[in-house]
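This report goes through a single protein chain, from its overall fold to a few selected residues. Please keep the sequence and the model open while reading.

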Amino acid sequence: MLPTVFGYIGVGLAFGIVAHTSHLSLLVVAGMSFIVYAGSAQFIITSMLLLHDPLSGIFISTFLVNSRMILMSTSLAQYFRHESLFKNLLIGTLVTDETFALAMNKQNKTNGKLSFAWQSAANLVAYLVWGVATIVGAILGGMIADPTRFGFDFALTAMFIGLVYLQLISDRHLGLPLQLMVMIFVAIVYYFMIGLMSQNFALLVATVAGCLFGMEMKKCR
């Protein structure tokens, strides 16, 4: 988890600072991080609260931004079929983009096997580091007026670049050409869809299309 932890710290501090400048209390920041626990969605919620948008709009926007978790959890569930429903719910509740990517890298080296203990540890570390980082960011918010000056806004992007790179070099089963082909396909679909619908819907459509495309390409190998 160590490489992703630095990303969580950077983005968490940035969110705390943004939340502070948006006049959210420390209690609200902590509640949002430990209850909502939705990185990018928390930035959206903060901006919508600042604009006094209705709660219904905030709920719908949060759901759309995080709807990709349905796909991730469904994919992850196959590795925990032998575990109880309660344990599966615990894993699904705290899974994130980063812990999902780590799990996919992990199963490449363990013959497609994941343990509840390993996944829970990864999820909990991410959860706690994110929550603490956002609170520290909110406390320090009064000292840092412009978080982009320190590159905090790029921390999440940098973390995802690292995760994609690890996935590309570690998954020998699929092979580099197939993975690159799927990535290019997703990028093309997203590019065309973004002109027809919102970014969140376009991302969801591109993700589903990429999954289907990857499945078909895998069958043709």
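How many salt bridges does the structure hold? The structure holds one, and the model behind that count is a predicted one.

## The salt bridge

The pair consists of K87 and E83, whose side chains meet at 3.6 Å, N to O. That distance counts because a salt bridge requires the nitrogen to be within 4 Å of the carboxyl oxygen. Side chains of opposite charge can pair when their charged atoms come close.

K87 has a relative accessible area of 31%, so this residue is partly exposed.

## Overall fold

The protein chain has 11 helices and zero strands. Its pattern along the sequence is accordingly α-α-α-α-α-α-α-α-α-α-α. Of the 221 residues in the chain, 40% are buried. Among contacts between residues at least 6 apart in sequence, 73% join residues at least 24 apart.

The chain exposes about 12,700 Å². Carbon and sulfur atoms supply 73% of that exposed area.

## Annotated spans

The unreviewed UniProt entry lists residues 6-36, 43-65, 124-144, 150-169, 176-194 and 200-217 under "transmembrane region". Two of these listed spans can be described by their end-to-end distance and helix content.

In the model, residues 176-194 are 95% helix and 0% strand, with end C-alpha atoms 27 Å apart. Residues 43-65 are 83% helix and 0% strand, and the end C-alpha atoms of that span lie 11 Å apart. Helix α3 covers residues 39-50 and helix α4 covers 55-66, with H52 in the loop between α3 and α4.

## Two positive phi values

Most residues other than glycine have a negative phi. H52 departs from this pattern: its phi is near 60°, a positive value in a residue other than glycine. At 71% relative accessibility, H52 counts as exposed, because the cut-off for exposed is over 50%.

Y37 also has a positive phi, about 45°, although Y37 is not a glycine. Y37 sits in the loop between α2 (26-36) and α3. Is Y37 buried or exposed? Its relative accessibility is 12%, so Y37 counts as buried; the limit for buried is under 20%.

## Around Q42

Q42 belongs to helix α3 and counts as buried, with 0% relative accessibility. Leaving aside neighbours within four places in sequence, the contacts of Q42 are F15, M32, S33, Y37 and W130. One of these contacts is thus the loop residue Y37.

For Q42 and F15, the separation is 27 residues in sequence and 7.8 Å in space, C-alpha to C-alpha.

## Around T99 and A126

Which side chain makes a polar contact with the side chain of T99? The partner is N123, at 3.1 Å. T99 lies in helix α7, residues 97-109, and counts as buried at 0% relative accessibility. Beyond four places in sequence, T99 is in contact with M1, L94, Q119, A122, N123 and A126.

A126 is part of helix α8, residues 116-140. Its relative accessibility is 0%, so A126 counts as buried. With neighbours within four places left out, A126 is in contact with M1, Y8, Y37 and T99. M1 therefore appears in the contacts of T99 and of A126, where contact means heavy atoms within 4.5 Å. Y37, described above for its positive phi, is also in contact with A126. A126 and L94 are 32 residues apart in sequence, and their C-alpha atoms are 8.5 Å apart in space.

## A nonpolar surface patch

V164, L176, L180 and M183 form a nonpolar patch on the surface. Together these residues have about 310 Å² of accessible area. Which helix gives the most to the patch? Helix α10, residues 176-193, does so with three residues.

L180 lies in helix α10. At 36% relative accessibility, L180 counts as partly exposed. That value meets the requirement for patch residues, because patches are made of residues with over 30% relative accessible area.

How values were computed: Residues are numbered from 1 along each chain as its sequence is written. This is a predicted model: local features need pLDDT of at least 70, side-chain atom pairs count only at pLDDT 80 or more; totals for chains, interfaces and linings use all residues. Side-chain values use heavy atoms; hydrogens and water are left out. Helices (H or I, at least four residues) and strands (E, at least two) are DSSP runs, numbered from the N terminus. Buried means under 20% relative accessible area, exposed over 50%, partly exposed in between (1.4 Å probe, protein chains only). A polar contact is a pair of N or O atoms within 3.5 Å; within protein, one must be able to donate a hydrogen and the other to accept it, and residues adjacent in sequence count only if both atoms are side-chain atoms. Patches are made of residues with over 30% relative accessible area and no salt bridge: like charges are joined within 9 Å, nonpolar side chains (Val, Leu, Ile, Met, Phe, Trp, Tyr) within 5 Å. Accessible areas come from the Shrake-Rupley method with a 1.4 Å probe; for residues, only the protein chains shown count as cover. UniProt positions are given in the numbering used here, feature names are shortened, and annotations may be inferred rather than shown by experiment.
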